[in-house]
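Here is a walk through a protein model for someone meeting it for the first time. Keep the 3D view open and follow along.

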Amino acid sequence: MRSAVLGTVLLAAAASYYIYLPLPSAVAEPWKLMLLDAVFRAMMHVGNLVQDLGLAHNTHVLNYMVTLVEVRGPQSSKSVRVTDTSFGGVQARVFESTSPSPRRLKRGVVYFHGGGWALGSGRMRSYDLLCRRMAEDLDAVIISVDYRLAPEVHFPEPYNDALQACRHILTAEVLALLSVDPERVAVSGDSAGGNLAAAVAQQLALDNSVSIKFKVQALIYPVLQALDFNTPSYQQNGNVPILYRPLMARFWLEYLNGDLKLVPSLLANNHTAVNLGQEAVVAAKAKMNWTNLLAPAFQKHYKPVAPHLGTPGLLEQLPGLLDVRAAPLLAEREVLKLVPPAYIMTCEHDVLRDDGLMYARRLEDAGVAVTSDHYTEGFHGCMVFAFWPARFTVGMQSMRNYIHWLEQNL
């Protein structure tokens, strides 16, 4: 009996040790976030173990586990018709409001899921529920695009999928088939999906061959650059779940088909060191100088990290670092002034906070109307955690505000 009690105590202590993580005092529902993060870390450990044994790529293992738990079929309800289809050869799930509408044509939203260009699917339960809610509340048609993922493909293929799907959707024939008003179509996405949404919005704004344009863009804690892994938000939130600083660098390397051994070099900003003296880097960094773009409240006490000695050849190995299709924050002002009005959500406890804040400022400086929606208790990914069992108050609040903005502006 004593040994059983002792074993239980030791097991509980071990579990507590694994779960507990020091978090900022202002982060939303910290113990719930610790539990969520512990699940993610356990999945990552399993994936790494399987890869170390030479059995499968860790990303494949993670996506397999997610598929078992999260992916669901296209189940329609009384208020939303759900179908799986494709647009221009790119897989997608369509959520159509079936409620009687005073308008003959409905709003439309093209949505790109997050997951570091490597994980997830629009068929996951969290995105399925989000898109259902959007379709119901907006009386809209939501198209959740399943672009291809790393490691099967790398940049620019996910971007090309996103662009191809949007080109196909933004035609009179397809929009008429879906009963979508061509003057009320938005592009949106979270995290890596926000990256794709921003990049596609820029490209289609430039493309005169596409007559139907997005009315607005809505970017949810988007990742927009990989030249500086030491912005104030990267320095402040490097160890805050669920998106750790090294993990974001790894996602970038997977996306750009780089060697994962380069993670430490990226984290040290060695790819933009002074001694490399590359004019393209200097020009790009001038567009994302956070000492000018961020308000003092976000800069806080942090200082720029600009090493004098870097690693030669990094940019040659990773040309996508300077490609605006991968890093929309680096776009020229002449391009930015053409993009549609934007909603940009940011979270205080997120390494990507400053990507979104800097993009909002650059868009505003280019004359684009921007709504910035910042959550002081928010963490990366919080909006998709608005449903049971991983329901966070900040998740529900941010989702409501995001949908409300679309309702008022689309």
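What follows goes through the open pockets, an enclosed cavity, some helix pairs and a few unusual spots in the backbone. One thing to keep in mind is that this is a predicted model.

Let's start with the largest pocket. Its volume is about 1200 Å³, and 44 residues line it. To find the middle, look for Leu36, Phe40, Met43, Ile242 and Phe385, which lie nearest the pocket's centre. Four elements give two or more residues each to this lining: α2 (30–52), α3 (58–69), α4 and α9 (245–255). Which of them gives the most? That's α2, with 11 residues. As for the kind of surface you'd meet there, the lining has 27 nonpolar, 10 polar and 7 charged residues.

The second largest pocket has a volume of about 190 Å³. It has 13 lining residues, and Asp228, Lys285, Met288, Asn289 and Trp290 are the ones nearest its centre. Here α11 (279–286) and α12 (290–293) each supply at least two lining residues. Sorted by class, the lining of this second pocket comes to 7 nonpolar, 4 polar and 2 charged residues.

Next, the enclosed space. How many cavities of 30 Å³ or more does the structure hold? The count is 1, with about 70 Å³ of space in it. Around this largest cavity you'll find Met44, Asn58, Thr59, Leu62, Ala118, Leu119, Leu247, Arg250, Phe251 and Glu254. Both α3 and α9 supply at least two of the lining residues, and α9 has the largest share, with 4 residues. The cavity lining divides into 6 nonpolar, 2 polar and 2 charged residues. You've met α3 and α9 already, as they also help to line the largest pocket.

Now for the helices themselves. Two packed helices are described by the angle between their axes and by the distance between those axes. Begin with α2 and α3, which pack at an angle of about 135 degrees with their axes 8 Å apart. The two are therefore oblique to each other, and α2 passes α3 in a right-handed crossing. On the α2 side, the contact is made by Met43, Met44, Val46, Gly47, Asn48, Val50 and Gln51, and on the α3 side by Asn58, Val61, Leu62, Met65 and Val66. What classes of residue make up this contact? There are 8 nonpolar and 4 polar residues, and no charged ones. Some of these names should ring a bell: Met44, Asn58 and Leu62 line the cavity too, while Met43 is one of the residues nearest the centre of the largest pocket.

Move on to α4 (residues 125–138) and α17 (residues 393–409), which pack at about 40 degrees with 10 Å between their axes. That angle makes α4 oblique to α17, and the crossing is right-handed. From α4, the contact uses Leu130, Arg133, Met134, Asp137 and Leu138, which meet Met399, Tyr402, Ile403, Leu406 and Glu407 of α17. This contact has 7 nonpolar residues, no polar ones and 3 charged ones.

The last pair is α5 and α7 (residues 192–206), packed at an angle of about 55 degrees with axes 10 Å apart. That makes α5 oblique to α7, and their crossing is right-handed. Pro158, Tyr159, Ala162, Leu163, Cys166 and Arg167 in α5 meet Leu196, Ala199, Val200, Gln203 and Leu204 in α7. By class, that contact has 9 nonpolar, 1 polar and 1 charged residues.

Finally, let's visit some backbone oddities. Most residues other than glycine have a negative phi, and most peptide bonds are trans. Where do we find the cis bonds here? One joins Ala150 and Pro151, with omega about 10 degrees, and Pro151 sits in the loop between β4 (140–146) and α5 (157–169). Another runs from Trp388 to Pro389, with omega near 5 degrees; Pro389 is in the loop between β8 (370–379) and α17. Then there's Glu29, which isn't a glycine but has a positive phi of about 40 degrees. Look for Glu29 in the loop between α1 (2–19) and α2.

Conventions. Residues are numbered from 1 along each chain as its sequence is written. This is a predicted model: local features need pLDDT of at least 70, side-chain atom pairs count only at pLDDT 80 or more; totals for chains, interfaces and linings use all residues. Side-chain values use heavy atoms; hydrogens and water are left out. Axes are lines fitted to C-alpha atoms, for helices over the stretch in contact, and angles run from 0 to 180 degrees between N-to-C directions. Angles under 35 degrees count as roughly parallel, over 145 as roughly antiparallel, 65 to 115 as roughly perpendicular and the rest as oblique. A crossing is left-handed if the near helix is turned anticlockwise from the far one by less than a right angle, and right-handed if clockwise. Contact means heavy atoms within 4.5 Å. Ala, Val, Leu, Ile, Met, Phe, Trp, Tyr, Cys and Pro count as nonpolar, Asp, Glu, Lys and Arg as charged, and the others, Gly among them, as polar. On a 1 Å grid over the protein atoms alone, a cavity is a set of points where a 1.4 Å probe fits but cannot get out, and a pocket is an open set with protein on both sides within 12 Å along at least five of seven lines; lining residues have an atom within 4 Å of a point. Grid points are joined across faces, edges and corners, and a volume is the space filled by probe spheres set on the points.
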